[in-house]
Amino acid sequence: MRKLFYMGLESYVARYTYQLQQWNEEAFKRRGIDYVVVPGSTLDNTQQISVGQVLDAHGRSYFSMSQLMNLVHMMQKGEVTSDDVVYFEDMFQPGIESLPYILNQVPKSLRPRIYVRCLAQSIDPDDFVHVWGMSKWMGLYEKMVCELVRDSGGAVLATNEEMVAHLKIAGWDVPIYNISGLAFGKQEVRSRINGELKPFDQRRRRVCFSARWDQEKQPDFFMDLIEHWEETGREPVEFAVLSGGKLKSNNESYMKRTQELVDRGLLTIHEGLSKNDYYNIVNDSRVVFNCALQDWVSNTVSEADALGCNVLYPAYRSFPETFANDRDRLYIPWNLEDVEVKLVRLLAAPHRDIGKISDWTDKTVDRIIDIITGQGEEWLRDGVDYRKYSREAKF
């Protein structure tokens, strides 16, 4: 590879994209990669999600198309060659159809390899594309992108073995690699807290919910846990929701129930948090809890683990791989009794393997670099035996 053209995501203070480019650039520099960050334009400077759930609908489209315009200009000037790689942080890139249109008409010497990272897409039954009725046309879009990627000699990058399986059964005819994690920068996250990591026994007996308050994250199960914890008369715990923006949901019934729990003194809401504020709360908490149907690894687990906080997630989809099949920090999905047994232990003492999850995800960008430079064939999930990797602990 001569040069890497990096197609990142627009920055949102409330989302992981705020740090995503920095995490990648640090790895590129450390590995000696010659790279270009292809810029995009934003609609405004609010860095807020006004329409949509994951990224702003207008903002994502505007940034992506302006970014593609800049890439096309570089291609037109001959700055992008067949010795180069174009790496997209998200498979959904409005304007990407311009690439096959161009590449089918230029000499082979000007056709770069293309890699795209799948974040969820229509292969995920709990993704927002199904909530908003986008799945029919999105599936056709995905086939187009797979054609583009395969013909370029590139690949689709999945975040875990379970996602690989979903891509396979969807019939995606394209090379697929498992990068086994999300891009992450452990030291960058730790640099944002005030002072040092707080000793576990000095932390508040606080259980944090850090995911979006949308139906695919199942906040109603978290609220079930809160009420059941009180009903069983267990030792008091502060249950808290941490949100980068104003707390909102795609299911209004959750908001009503949330307010009822707040009024009863059972739930605390921290909203409008900066990244530093969020990390400092986690650094003074004992457990980050998750009950999502759809996360495909989750940056929240890497952040909490990096900050010395215990984590408790369902043994569902991507999480067994993320946790290396750890029985103490994975619970039977949607079983309150199992949650509570494990939560009691995780509130009492730090888990023996704190730090190992974030150590593994801290190397995710390195695995991506290995793959695009031809050194990561161990992560190729070609053929029919792709399921054999599911039970293997990655660290």
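Visitor: Which residue lies over the face of Trp360?

Guide: In this predicted model, the distance to the ring centre of Trp360 is 3.9 Å. A charge counts as sitting over a ring within 6 Å of the ring centre. The residue over the face of Trp360 is Arg367.

Visitor: Which residue lies over the face of Trp229, and at what distance from the ring centre?

Guide: Trp229 belongs to an aromatic cluster that includes Phe221 and Trp334. Over the face of Trp229 lies Arg234, and its distance from the ring centre is 5.4 Å.

Visitor: What kind of aromatic pair do Phe221 and Trp334 form?

Guide: The ring centres of Phe221 and Trp334 are 5.9 Å apart. Planes over 60 degrees apart count as edge-to-face. Because the planes of Phe221 and Trp334 stand at 75°, the pair is edge-to-face.

Visitor: How many residues apart in sequence are the parts that Phe221 and Trp334 tie together?

Guide: Phe221 lies in helix 8 (residues 219-231), and Trp334 lies in the loop between strand 12 (330-331) and helix 13 (336-348). Phe221 is buried, with a relative accessible area of 8%, whereas Trp334 is partly exposed at 32%. The parts tied together by the pair are apart in sequence by 113 residues.

Visitor: How many aromatic pairs does the structure hold, and what is the angle between the planes of Phe92 and Trp137?

Guide: The structure holds 22 aromatic pairs. One of them joins Phe92 and Trp137, 6.4 Å centre to centre. This pair is tilted, and the angle between its planes is 55°.

Visitor: Is Trp137 buried or partly exposed?

Guide: Trp137 is in helix 5 (residues 135-152). Buried means under 20% relative accessible area. Because the relative accessible area of Trp137 is 43%, this residue is partly exposed.

Visitor: Which residues have side chains joined to that of Arg192 by a polar contact?

Guide: Arg192 is found in the loop between helix 7 (186-190) and strand 7 (206-209), and is buried with a relative accessible area of 17%. One side-chain polar contact of Arg192 is 2.6 Å, and another is 2.9 Å. The partner at 2.6 Å is Glu188, and the partner at 2.9 Å is Asn276.

Visitor: How many disulfides are there, and how far from Cys208 is the nearest cysteine sulfur?

Guide: A disulfide requires cysteine sulfur atoms within 2.5 Å, and the count comes to 0 disulfides. Cys208 is in no disulfide, and at 0% relative accessibility Cys208 counts as buried. The nearest cysteine sulfur to that of Cys208 belongs to Cys309, at 6.2 Å.

Terms used. Residues numbered from 1 in each chain as written. Predicted model: local features only at pLDDT ≥ 70, side-chain atom pairs only at ≥ 80, totals over all residues. Heavy atoms only, no water. Helix = DSSP H or I, 4+ residues; strand = E, 2+ residues; numbered from the N terminus. Buried < 20%, exposed > 50% of the residue type's maximum accessible area, 1.4 Å probe, protein only. Polar contact = N/O pair within 3.5 Å; in protein donor to acceptor, adjacent residues only side chain to side chain. Phe/Tyr/Trp six-rings, centres within 6.5 Å; stacked < 30°, edge-to-face > 60°. Lys NZ or Arg CZ within 6 Å of the ring centre and 35° of its normal.
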